[in-house]
Amino acid sequence: MGRKNRERPDHIVVLREHGNLVILRRWYNPGSAILALTGMVVLYSFWYFFLHPLSDAPNIIQYFIWAAFILFFLPLPLIFAYVGLAGIVNKTIIVVGKGSLSLTHDPMWWPGNASYSTEEIDQLFVAPYKRRVNPAKKHHVAEQEAPQVGHMVDLLIQNTSGKVMTLIKRIPSKEEAQYLERIIEEELGLKDKHVEGEISPQNENLP
């Protein structure tokens, strides 16, 4: 195996609290600010140009327009605003210690919070992120089932029974993911070994 990345990215902070390894990974990127602003501008524009002038309209028309707005229009810009704001303020917190590896997103709710017993972790590895063909699947799909998406990668866990689980998905660079892999494996006392499908420093299988 090649040497894993040892340079800490600027948006990652590594701490030691109560004997636990704590990793704080900040999400912020300019695209999130644009997404949040777009959602809020669209919401305000619709209210100002369409809903505000209805104040003098008959009540039945106001009720109909408001109902249509809430049911059909409101969800999409709200999702844009929420996702954008989460991308600005959120961070991923990884805690390794006391027999567990936990991952949470804070302060805004986001799917993917998880906890794993360290005794069941055999290896961490980095693999290309592939879009799932069936959203109902909860495991990482095989390479032939889904196309690779850009240069994004996933940080995965392989447990002692060989099952592969996603710890963090859509990491923008393999260097960042391999840094996280290295410090977590060192904390767990795991000897790094090659896993099928892994991106290694020697054999880079990204385009």
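A strand, as the word is used in these legends, is a DSSP run of type E with at least two residues, and strands are numbered from the N terminus. R170, for one, is found in strand β8. Keep in mind that the whole model is predicted.

**View 1. The whole chain contains four helices and eight strands.** Trace the chain along its sequence and you meet the elements in the pattern β-β-α-α-α-β-β-β-β-β-β-α. Of the 207 residues in the protein chain, 37% are buried. Look also at how the fold brings remote parts of the sequence together: among contacts with a separation of 6 or more, 60% are between residues 24 or more positions apart. The accessible surface of the chain is about 12400 Å², and carbon and sulfur atoms account for 59% of that area.

**View 2. Five strands make an open sheet with antiparallel pairing.** Going across the sheet, the order is β1-β2-β3-β4-β5. At the edges are β1 (12–17) and β5 (114–117), each of which pairs on one side only. From one strand to the next, the twist averages 15 degrees. Now pick out β2 (residues 20–26) and β3 (residues 91–97), which are joined in the antiparallel sense by six bridges. To find your place in this pair, locate L21, which stands opposite V96 in β3.

**View 3. Helix α4 lies across β1, β2, β3 and β4.** The helix covers residues 174–188, and its direction makes an angle of about 170 degrees with β2. With 15 residues, α4 reaches 21 Å from its first C-alpha to its last, close to the 21 Å expected at 1.5 Å a residue. Is this helix mostly covered or mostly uncovered? It is mostly covered, as eleven of its 15 residues are buried. Among them are K174, E176, R182 and I183. Just after α4 comes G189, whose phi is positive, near 75 degrees.

**View 4. Two buried residues of α4, Y179 and E185, deserve a visit of their own.** Y179 lies in helix α4 and has a relative accessible area of 6%. Because that value is under 20%, Y179 counts as buried. P9 is 170 residues away from Y179 in sequence, yet the two are 8.3 Å apart in space, C-alpha to C-alpha. Further along the helix, E185 has a relative accessible area of 3%, so it is buried too. Which residues does E185 touch, not counting those up to four places away in sequence? They are Q123, L124, L190 and D192.

**View 5. The largest nonpolar core has 24 residues.** Within this core, L167 and I184 touch the most other members. At least two core residues come from each of β2, β3, β4 (100–106), β6 (121–130), β7 (148–159), β8 (164–171) and α4. The largest share is supplied by α4, with five residues. Zoom in on I184 and, leaving aside its neighbours within four places in sequence, you will find it in contact with I23, I94, V96, L101, L124 and L167. Another core lies apart from this one; it has six residues, including L43, F46, L51 and L54.

**View 6. A cis peptide bond joins D106 and P107.** The omega angle of this bond is about 5 degrees. P107 sits in the loop between β4 and β5.

**View 7. H18 and R170 both have a positive phi without being glycines.** For H18, phi is near 55 degrees. You can find H18 in the loop between β1 and β2. Is H18 buried or exposed? H18 counts as exposed because its relative accessibility, 76%, is over 50%. For R170, phi is about 60 degrees, and this residue belongs to strand β8. The relative accessibility of R170 is 37%, so R170 counts as partly exposed.

How values were computed
Residues numbered from 1 in each chain as written. Predicted model: local features only at pLDDT ≥ 70, side-chain atom pairs only at ≥ 80, totals over all residues. Heavy atoms only, no water. Buried < 20%, exposed > 50% of the residue type's maximum accessible area, 1.4 Å probe, protein only. Contact = heavy atoms within 4.5 Å. Areas by Shrake-Rupley, 256 points an atom, 1.4 Å probe, with all protein chains shown as cover. Pairing = 2+ DSSP bridges. Axes fitted to C-alpha atoms, helices over the stretch in contact; angles between N-to-C directions. Expected span 1.5 Å × (residues − 1). Core = buried A, V, L, I, M, F, W, Y, C linked by side-chain atoms within 4.5 Å.
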